[in-house]
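Here are some short exercises to work through with the model open beside you. Try each task before you read its solution.

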Amino acid sequence: MSRRLLVAVLRALVRLDVQGLDHLPGEGGFILAANHLHALDPAIGLLLVPGRVVGVVKEKWNRVPFRWILRGMSDVVFVGSSNRRALDVAIAELRAGAVIAILPEGTR
């Protein structure tokens, strides 16, 4: 429910023109890798891609209020020295059919 609410708020605040969603696989897991050039990039990737999306996020964002916001948009796996098994969790989610969202240019 929080994902639907956040999508509605995002669409109300920002004029979005999303193209190319028809190129995404209809079933099964895949990796969504995108440049992170704007503050809204994670929200667009996590909220608008169909299916169950698991975001791979730096552990520095695993604190209030960011953790609440990120978990409201999708499931997240926090990656860093405190979570050595994060990539194993992401791989298991991918094999289970989830979309793994990675924005490698997150640190500008």
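**Exercise 1. Find the partner of arginine 85 in a salt bridge, and decide whether arginine 85 is buried or exposed.**

Solution. Start from the side chains: this is a predicted model, and in it arginine 85 and aspartate 88 meet in a salt bridge, 2.9 Å from N to O. That is within the 4 Å cut-off for such a pair. Next, look at accessibility. Arginine 85 has a relative accessible area of 55%, and because over 50% counts as exposed, this residue is exposed. Aspartate 88, with 39%, is partly exposed.

**Exercise 2. Work out which residues are linked with Arg52 in a network of salt bridges.**

Solution. By the same cut-off, the count for the structure comes to three salt bridges. Take the contacts of arginine 52 in turn.

- Step one: the side chain of arginine 52 meets that of aspartate 75 in a salt bridge of 2.8 Å, N to O. Arginine 52 lies in the loop between α2 and β2 and aspartate 75 in strand β3 (residues 75-79), so this pair ties together parts that are 23 residues apart in sequence.
- Step two: glutamate 93 also forms a salt bridge with arginine 52, and here the closest N and O atoms are 2.4 Å apart. Because glutamate 93 lies in helix α4, while arginine 52 is in the loop between α2 and β2, the pair ties together parts that are 41 residues apart in sequence.
- Step three: put the two contacts together, and Arg52, Asp75 and Glu93 are linked in a network.

To finish, check accessibility: arginine 52 counts as partly exposed at 39%, and aspartate 75 counts as partly exposed at 36%.

**Exercise 3. Classify the aromatic pair that a search of the whole structure finds.**

Solution. A pair of aromatic rings is described by the distance of the centres and the angle of the planes. The one pair found is formed by tryptophan 61 and phenylalanine 66, with 4.9 Å centre to centre and 80° between the planes. Planes over 60 degrees apart count as edge-to-face, so the pair is edge-to-face. As for accessibility, tryptophan 61 is partly exposed at 31%, and phenylalanine 66 is partly exposed at 32%.

**Exercise 4. Say whether the peptide bond from valine 64 to proline 65 is cis or trans, and place proline 65 in the chain.**

Solution. Read omega for this bond: the value is near 5°, and the bond is cis. Proline 65 is found in the loop between β2 (53-58) and α3 (66-73).

**Exercise 5. Name the residues that make a nonpolar surface patch of about 320 Å².**

Solution. The patch is made by Leu5, Val9 and Leu13. Follow one of them: leucine 5 lies in helix α1 (residues 2-13), and at 55% relative accessibility this residue counts as exposed.

**Exercise 6. Describe the overall fold and decide whether the protein is as compact as a globular protein of 108 residues.**

Solution. Count the elements: there are four helices and four strands, and from the N terminus they run α-β-α-β-α-β-α-β. The radius of gyration is 14 Å, close to the 13 Å from the globule rule for 108 residues, so the protein is as compact as a globular protein of that length. Buried residues make up 28% of the 108. Lastly, check confidence: the average pLDDT is 82, and 93% of the residues score at least 70. Among the elements, helix α2 (residues 41-48) has the lowest mean, 71, and helix α4 (residues 86-95) the highest, 93.

Note on methods
Residues numbered from 1 in each chain as written. Heavy atoms only, no water. pLDDT = per-residue confidence, 0-100. Helix = DSSP H or I, 4+ residues; strand = E, 2+ residues; numbered from the N terminus. Phe/Tyr/Trp six-rings, centres within 6.5 Å; stacked < 30°, edge-to-face > 60°. Buried < 20%, exposed > 50% of the residue type's maximum accessible area, 1.4 Å probe, protein only. Patch = residues over 30% accessible without salt bridge, like charges linked within 9 Å, V, L, I, M, F, W, Y side chains within 5 Å. Areas by Shrake-Rupley, 256 points an atom, 1.4 Å probe, with all protein chains shown as cover. Rg over C-alpha atoms; globule rule 2.2 N^0.38 Å.
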